[in-house]
Amino acid sequence: MYRPMRCLVSLLAVCAALVPAAKAAADPGSQILDVRPLGGRQFEVVVHSAAMDRPITLWMSHPGAGAPALYLLNAVDGGEDGGPWMRRTDVAEFFADKPVNVIVPMGGRASYYTDWLHDDPVLGRNRWTTFLTKELPPLLESRFGMNGRNAVAGTSMSATSALNLAIGSPGMYRAVGAYSGCPRISDPVSQAYVSSQLAVFGANANNMWGGPEDPAWAEHDPMVQAERLRGVALYISSGSGVAGEHETLDDTGIDGNPIRLLDRILVGGLMETVVNGCARPLVGRLESLGIPVTANFRSAGTHAWSYWQDDVHQSWPLFAAALGV
């Protein structure tokens, strides 16, 4: 069933990727376990996370040594159900000729890609912030010759995650893309929304940032922490919720199915209306602080991957400039 119904992802390159694995200096327990060429500049990389004590699989587009990195985070299913970025959009083709490493972590459903305060009986141990900011980058930089310049983008749930990664690791990310995300999370209505997203997967939001009064919620609220985004190139987008150019039977994800089309228009439209009401105040807050932001508020459009593919294309010039390519 279409995703919004439930909740509302060259030879030199091959040679560079197949050199012996390196370990992160920060944690010897984290290491690259396997690198599998998928053809061209695409690779599947398996990394052991010491923080989560399990292997994490990544998809990677690698142009060769000396390039920066763009991390693309999946939506609330972590790319496990409906599919990750490279299956639901054209990112593999779009970045095939661009001088940037593109990394898509597989997994992390309903995790907000953050470090949880407690292990969850259903989701287990989530230490995604530690993995993405401390364990993974030095491993990839050493193995693939990346230059240490990073950007991160996320969609829906992970749009908030991308903002929080930049907030929590000053100077690590030069650019952030937040596509169709709701960055307000610490007021009662927003907490209820976050809890409902996690509950779809059987997870308990109290295990993530504690109970409703826990200060961890405000610490991870981009609206509250907006000042800490100063100096980061920002792209924030959402649609209006009204059916737009991609609400057609032949669109990717609809594939001629009128039930999917109706679901996208009704459920995806409602979700994007809510998201739009969250994203606009963050842009206003940033502007009031004198923090530059590129805002793309579409006059139409629902909560759908086709629009997020457009966002990748439209935000790339901002990322490229920030990354120096």
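# Notebook: a predicted model, from overall form to single residues

I began with the overall dimensions: a compact globule of 325 residues would have a radius of gyration near 20 Å, and the protein has 19 Å, which agrees. I note at the outset that the model is a predicted one. Taken along the principal axes, the box filled by the C-alpha atoms of the protein is roughly 50 × 45 × 40 Å.

I then looked up the secondary structure, and found eleven helices and nine strands in the protein.

Next I turned to burial and surface. Of the 325 residues, 57% count as buried, and the accessible surface of the protein comes to about 12300 Å², with 56% of that area belonging to carbon and sulfur atoms. I also checked the charges, of which 24 are positive and 31 negative, and the mean positions of the two sets are 4 Å apart.

**Aromatic rings**

How many aromatic pairs does a search of the whole structure find? I recorded eleven of them. One that I followed up joins Trp85 and Tyr179, whose ring centres are 6.3 Å apart and whose planes stand at 75°, so I entered the pair as edge-to-face. Because Trp85 belongs to helix α3 (residues 85-88) and Tyr179 to strand β7 (residues 173-179), this pair ties together parts that are 94 residues apart in sequence. I looked up the accessibility of both partners: Trp85 is buried, with a relative accessible area of 0%, and Tyr179 also counts as buried at 0%.

From Tyr179 I went on to Tyr235, where the ring centres lie 5.7 Å apart with the planes at 80°, so this pair is edge-to-face as well. Tyr235 is in strand β8 (residues 233-238) while Tyr179 is in strand β7, so the contact ties together parts that are 56 residues apart in sequence. At 3% relative accessibility, Tyr235 counts as buried, since the cut-off is under 20%.

Which residues do ring pairs link into a cluster with Trp85, Tyr179 and Tyr235? I found Trp305 and Trp308 listed with them in the cluster.

**Charges over rings**

I looked for charged side chains placed over aromatic faces, and noted Lys98, which lies over the face of Phe94 at 4.0 Å from the ring centre. I noted also Arg280, whose charged end sits over the ring of Phe297, 4.4 Å from its centre.

**Positive phi values**

My last entries concern the backbone. Ser156 is not a glycine, and yet its phi is positive, at about 60°. I placed Ser156 in the loop between β6 (150-155) and α6 (157-168), and with a relative accessibility of 9% it counts as buried.

I found a positive phi, near 50°, at Asp255, which is likewise a residue other than glycine. Where is Asp255 found? I traced Asp255 to the loop between β8 and α10 (258-288). Is Asp255 buried or exposed? At 54% relative accessibility, Asp255 counts as exposed, because the cut-off for that class is over 50%. I therefore close with two loop residues of positive phi, of which Ser156 counts as buried and Asp255 as exposed.

Technical notes: Residues numbered from 1 in each chain as written. Predicted model: local features only at pLDDT ≥ 70, side-chain atom pairs only at ≥ 80, totals over all residues. Heavy atoms only, no water. Helix = DSSP H or I, 4+ residues; strand = E, 2+ residues; numbered from the N terminus. Rg over C-alpha atoms; globule rule 2.2 N^0.38 Å. Buried < 20%, exposed > 50% of the residue type's maximum accessible area, 1.4 Å probe, protein only. Areas by Shrake-Rupley, 256 points an atom, 1.4 Å probe, with all protein chains shown as cover. Lys, Arg positive; Asp, Glu negative; His and termini not counted. Charge placed at Lys NZ, Arg CZ, Asp CG, Glu CD. Phe/Tyr/Trp six-rings, centres within 6.5 Å; stacked < 30°, edge-to-face > 60°. Lys NZ or Arg CZ within 6 Å of the ring centre and 35° of its normal.
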